[in-house]
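Reader: I am new to this structure and would love a close look at one part of it. Could you walk me through the empty space inside?

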Amino acid sequence: MGTALVTGATSGLGEEFCWQLAAAGHDLVLVARREKLLNALADSLRQIANVKAEVIVADLSKLEDCERVAARIDQETAPVGLLVNNAGFGLGKPFPDNDLAAELGGLDVMVRAVMILSHHAARAMRARGRGAILNVASVASRTGAGTYSAHKAWVVAFTEGLSEELRGTGVTATVVCPGPVKTAFFENAGVDVSHAPASAMATPEQVCAEALDAVRRARVIITPTPVFKVAMAAMKIAPRWATRRVMRTVPHM
């Protein structure tokens, strides 16, 4: 079934992507910062799903680590047929209140790394005439709420453009825009969502299944779960001032 490379593989959506891809018979290249968790996940995937699982310990905020991952994408042996750009994190503070180094780290992981890895993947896959790139964005891409929102808006626009540039090559580009998901994302960002209604939180299983189905169907943009399909549609037609006003009441990501 080919090899998939997943960034941010050790938790949340990244880990779920790995298990669903393994269940479909894909070998995996796991990329994340935490070596112990990476090795544990790789061992579990090998033993339970009977797939090959490589490990690359990398901090994608560091250019040299990005380049090591890109070099794996360039390899001709066990070529990467699916790139999942999933790594990311919430910043948790308004831009003026946050440390600039943290903001630049977010930009490096959620924008620069996506660009670098997608560039290598697009070229390598195009040369083979097949492959897919899946980028993880967010419904936040439509909200205008801080730099996380800006990063994800870039990912959406970038993926749309890339999908057209790859048309007819046998390579596709898809972006998934989930709403809040039941992972450690908000806790890690220091954002309290304990009062959020259950209907407002998707499961990783739902999000990853819909995203991978969209890749198989060569869809460009997918928003998982009905409630956030409606929310995205509403934000497309609502006045921008109204969206910004509503977002003032939402915890900062």
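What volume does the largest cavity have?

Author: Happy to! Please keep in mind that this is a predicted model. Rolling a probe the size of a water molecule over the atoms shows where empty space is left. Here the largest cavity has a volume of about 30 Å³. The count comes to one cavity of 30 Å³ or more.

Now to the walls. The residues that line the largest cavity are Thr7, Leu60, Asn85, Asn86, Ala87, Val109, Ala113 and Val114. Helix H4, which spans residues 100-128, gives the largest share of this lining, with three residues. By character, the lining of the largest cavity divides into five nonpolar residues, three polar ones and no charged ones.

While you have the model open, there is also a pair of rings to look at. The count of aromatic pairs comes to one. Its members are tryptophan 154 and phenylalanine 158: their ring centres are 4.7 Å apart and their planes are at 10°, so the pair is stacked, since planes under 30 degrees apart count as stacked. Both residues belong to helix H5 (residues 146-165), and because tryptophan 154 and phenylalanine 158 are four residues apart there, about one helical turn separates them.

How open are these two residues to the outside? Tryptophan 154 has 25% relative accessibility, so it counts as partly exposed. Phenylalanine 158, at 22% relative accessibility, also counts as partly exposed.

Key
Residues numbered from 1 in each chain as written. Predicted model: local features only at pLDDT ≥ 70, side-chain atom pairs only at ≥ 80, totals over all residues. Heavy atoms only, no water. Phe/Tyr/Trp six-rings, centres within 6.5 Å; stacked < 30°, edge-to-face > 60°. Helix = DSSP H or I, 4+ residues; strand = E, 2+ residues; numbered from the N terminus. Buried < 20%, exposed > 50% of the residue type's maximum accessible area, 1.4 Å probe, protein only. 1 Å grid on protein atoms, 1.4 Å probe; cavity = no way out; pocket = protein on both sides within 12 Å on 5 of 7 lines; lining within 4 Å. Points joined across faces, edges and corners; volume = space filled by probe spheres on them. Nonpolar A, V, L, I, M, F, W, Y, C, P; charged D, E, K, R; others polar.
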